[in-house]
Each structure stands twice: as structure tokens, then as C-alpha cells.
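Reader: I am new to this structure and would like a close look at a single part of it, with the terms explained along the way. Please take your time and connect that part to its surroundings.

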Amino acid sequence: MRTAIIGAGGQGKVILDLLKALQGTTVIGFFDQNVAQGPVLGISVLGTLDELFRSWKTLSIDQVVIAIGDNQTRRAIYQRLVDAEIPTVSLVHPRAYISSFAKLGRAITVCGHAFIGPGTEIGNNCLVNTAASIDHDCKIGDHVHICPGVRLAGGVCIDSESMIGIGANVLPGIHVGEHCLVGAGSTVIDDVPAYTTVAGVPARVLHKRQQW
């Protein structure tokens with residue numbers, strides 16, 4: 001399958017490495033707003049996002065992967081791809097583990113050494129990053145980023161467009177509302193209301209906002 005990657009930054013490198021670990025996939029290039037940066041790990045940046053939308057059929061692109069960590073940006077691009085009927089793909093690194101009893105949505109990326117336990121449900125366009133662990137019976141909304149090294153205990157609920165920072169821990173049964181940010185290394189022991197930033201051990205509220 002001829003695959004294009006949207007985003008030529010650090011996450012793009014991770015996705016390229018993931019695709020190289022899979023069989024039957026040819027990476028034709030990156031699309032990124034910074035087209036002047038030159039090749040990334042030997043793969044060319046073919047143009048901007050708008051150029052992808054204009055030329056994907058001409059370039060015989062079979063599928064597209066979004067390699068962007070920011071939830072808002074990833075959601076906006078995903079919606080444009082859906083509206084334009086450009087195929088997206090879910091990717092699971094061969095060294096990740098996903099329970100056969102888990103349910104995954106569309107356009108999900110699961111990076112190397114990640115774990116997704118039984119009974120867990122993950123929405124569309126989510127990024128489960130390197131070595132993140134999502135235990136049994138968790139519910140993850142759309143456009144969520146679970147950063148590297150995160151540990152979600154059983155029964156955790158993360159609502160749409162929230163980001164759980166690197167190495168954070170979330171205790172069993174905790175509910176994190178939509179558009180939240182959990183700081184790196186935090187331990188969340190209480191529910192987090194929507195549109196709230198928390199950090200620390202234990203995690204405490206740093207900021208609340210009306211909208212993202």
C-alpha cells in the first residue's frame with residue numbers, strides 16, 4: 001500500500017519507523033507545512049497539506065497516516081480527510097499488544113511496546129504512544145493522545161481531545177473530562193473536570209478554561 005505521512009516532525013519519524021516495521025507498505029513521502037526542511041530519514045517532504053488534498057489521486061496514494069501529537073490539529077486534519085474521502089489507516093506496531101477483547105476506532109496509531117487490555121474501547125483518531133499502557137475496561141474518546149510511558153489503570157475514562165502527558169499515572173476508575181491536559185509525570189487520584197489542566201503528585205488543578 002502506498003502510504004503518505006502527514007507531519008514530518010518527531011512524531012512523523014516515529015510513524016515512519018512503525019511503517020518500516022510493517023510488511024506490504026511503501027512510504028511515498030511526507031506532507032508538512034515546512035516543505036523547506038528537506039528529506040526526513042531519507043524520505044522526501046512532497047508538499048504542504050493543501051498539496052496532498054489536490055494531488056493524492058495523481059500520486060496514487062492508497063492511504064494516509066496523521067503523525068501529529070497535538071489533538072486539535074490532528075482532529076482538524078482527520079475531519080478534512082474524512083470529508084474529502086481520502087482513506088486513513090490504523091497502525092499497530094508489531095511489538096505492541098492489543099487484547100482480542102479490546103475495540104478500536106478508525107485511524108488509530110498504537111506505537112511500539114504499548115499495551116491495550118481487555119474490555120477497553122478507544123475512539124477514532126487516537127494516538128497511543130510508545131510504551132503506554134491502557135489496562136482493562138478503559139474508555140478513550142476520539143482524538144485523544146496517550147503520551148509515551150503513560151499508565152492508565154483499569155476502568156479509566158478519558159474523554160475526547162484530552163492529552164495525558166509523558167509518564168503520567170491515572171488510578172483505577174478515574175474520569176478525565178474532554179479537552180483536559182494531564183502534566184508529565186503526574187499521578188491522577190481524583191476525577192478531572194472538562195477543560196482543566198492538572199499536574200503533580202498527586203495531580204492538582206493548575207488551570208481551568210471555558211474552551212480549548
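Author: Buried residues, meaning those under 20% relative accessible area (over 50% is exposed, in between is partly exposed, with a 1.4 Å probe and protein chains only), make up 49% of the 212 residues in the chain. This is a predicted model, in which local features need pLDDT of at least 70 and side-chain atom pairs count only at pLDDT 80 or more, while totals for chains, interfaces and linings use all residues. Residues are numbered from 1 along each chain as its sequence is written, and side-chain values use heavy atoms, with hydrogens and water left out.

The chain holds 3 helices and 23 strands, which are DSSP runs numbered from the N terminus, helices being H or I of at least four residues and strands E of at least two. A compact globule of 212 residues would have a radius of gyration near 17 Å, and the chain agrees because its own value is 17 Å; the radius is taken over C-alpha atoms, and the globule rule is 2.2 Å times the number of residues to the power 0.38.

The part to look at closely is strand 1, where 4 of the 5 residues are buried. Strand 1 pairs with strand 2 (residues 26-31) in the parallel sense over 5 bridges, and two strands are said to pair if DSSP finds at least two bridges between them. One of the bridges joins Ala-4 to Gly-29 in strand 2. Strands of a sheet pair through backbone hydrogen bonds, either parallel or antiparallel.

Within strand 1 (residues 2-6) lies Ile-5, which counts as buried because its relative accessibility is 0%. Leaving aside neighbours within four places in sequence, Ile-5 is in contact, meaning heavy atoms within 4.5 Å, with residues including Gly-12, Ile-15, Leu-16, Leu-19, Val-27, Phe-30, Phe-31, Val-65 and Ala-67. Of these, Val-27 is 22 residues from Ile-5 in sequence, and their C-alpha atoms are 7.6 Å apart in space.

From there one can turn to the loop between strand 4 (63-66) and helix 3 (71-83), where Gly-69 lies. Gly-69 is covered by the annotation "binding site" in an unreviewed UniProt entry; such positions are given in the numbering used here, feature names are shortened, and annotations may be inferred rather than shown by experiment. With a relative accessible area of 18%, Gly-69 is buried, and, not counting residues up to four places away in sequence, Gly-69 touches Arg-74, Leu-127, His-145 and Met-163.

Elsewhere in the chain, 6 strands form an open sheet with parallel pairing, in the order 6-9-12-15-18-21. Its edge strands, each pairing on one side only, are strand 6 (97-98) and strand 21 (187-188). Inside that order, strand 15 (residues 151-152) pairs with strand 18 (residues 169-170) in the parallel sense over 2 bridges, and Leu-152 has Val-170 as its bridge partner in strand 18.

There is also 1 aromatic pair, counted when the ring centres of Phe, Tyr or Trp (its six-membered ring) lie within 6.5 Å, with planes under 30 degrees apart called stacked, over 60 edge-to-face and the rest tilted. The pair is formed by Tyr-97 and Phe-115 and is stacked, at 5.4 Å centre to centre and 15 degrees between the planes. It links strand 6, which holds Tyr-97, with strand 9 (residues 115-116), which holds Phe-115, and the two residues are 18 apart.
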